[in-house]
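This report examines pairings between side chains in one protein model. Please look at the sequence and the structure before reading on.

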Amino acid sequence: SQLESPKMVATLLFGRTAPVELVGLDEACTTDREVWVPEGHEGRAGRLDCVFKFGEKAIIVIEVKVIGADESDTVKQRGYFKWLESQTSKYRYPVLLTTSASENSDYEGFRVVLWEDFCRNGRVLLSSLSRQRQSVTASLFAALLGAIEINLLGLPSLSWLTDASDEIILFNALRLGRRIDKVVQYLESTVVAQNG
């Protein structure tokens, strides 16, 4: 909700493949969490993790998973998709935010967005937030992205660099060396996305 702009929300979720219809809207984003819907798994009521609305023109439903889509209970999304289709918004986007997904799987009509892409897209948006002088929003957003990168993506924290002990710095540098390929690949793809 701090991003507000449909273009920024669309860029965060979809990157370069953001739907033109969503990017072109001028309504501010409003958000709701844990939205009750009458039909989830096996016809029982369920809760949508996040619902983004842009006036009456567009709605995005996001199901959040902190594990892979194939290890998650995604059957309930059939009812969530049905609920979304019943909404009056002209544009409706069901999103499954997850750590991994099978390439050819259909997750009950939900479009897969990987956390890695979410973070990469978010890093691209940070410069826009800074240019718009939204420093508090940018700082909070950077902290969120860092937490996701460390806790879900397994990228190493670099906070140990501020430690004065040479032994600890050396130990952590050696430990980091084992995961450096993953970090370099992530950073390179982020730079490419930013320079797009």
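Tyr93 is buried, with a relative accessible area of 12%; buried means under 20% relative accessible area, exposed over 50%, and partly exposed in between, computed with a 1.4 Å probe on protein chains only. Phe14 is likewise buried, at 6%. The model is predicted, so local features need pLDDT of at least 70 and side-chain atom pairs count only at pLDDT 80 or more, whereas totals for chains, interfaces and linings use all residues. Residues are numbered from 1 along each chain as its sequence is written, and side-chain values use heavy atoms, with hydrogens and water left out.

**Aromatic pairs**

The whole structure holds two aromatic pairs. Rings of Phe, Tyr and Trp (its six-membered ring) pair if their centres lie within 6.5 Å; planes under 30 degrees apart count as stacked, over 60 as edge-to-face and the rest as tilted. Phe14 and Tyr93 form a tilted pair, with 6.2 Å from centre to centre and 55° between the planes. Because Phe14 lies in helix 1 (residues 6–14) and Tyr93 in strand 4 (residues 91–98), the pair ties together parts that are 79 residues apart in sequence. Helices (H or I, at least four residues) and strands (E, at least two) are DSSP runs, numbered from the N terminus.

The ring centres of Trp115 and Phe118 are 5.3 Å apart and the planes are at 75°, so this pair is edge-to-face. Both residues belong to helix 4 (residues 115–131), three residues apart, or about one turn of the helix. Trp115 and Phe118 are both buried.

**Salt bridges**

A search of the whole structure finds eight salt bridges, each being a side-chain nitrogen of Lys or Arg within 4 Å of a carboxyl oxygen of Asp or Glu. The table lists some of them.

| Pair | Closest N to O |
|---|---|
| Glu34 and Arg47 | 2.9 Å |
| Arg92 and Glu85 | 3.8 Å |
| Glu149 and Arg123 | 2.7 Å |

Glu149 in helix 5 (residues 135–151) and Arg123 in helix 4 are 26 residues apart, and their pair links distant parts of the chain. Glu149 is buried, with a relative accessible area of 8%, while Arg123 is partly exposed at 25%. In addition, Glu116, Asp117 and Arg120 are linked in a network of salt bridges.

Which residue is buried yet has no salt bridge? This is Asp49, which is placed in strand 2 (residues 46–54).

Definitions and conventions:
Lys and Arg count as positive and Asp and Glu as negative; His and the chain ends are not counted.
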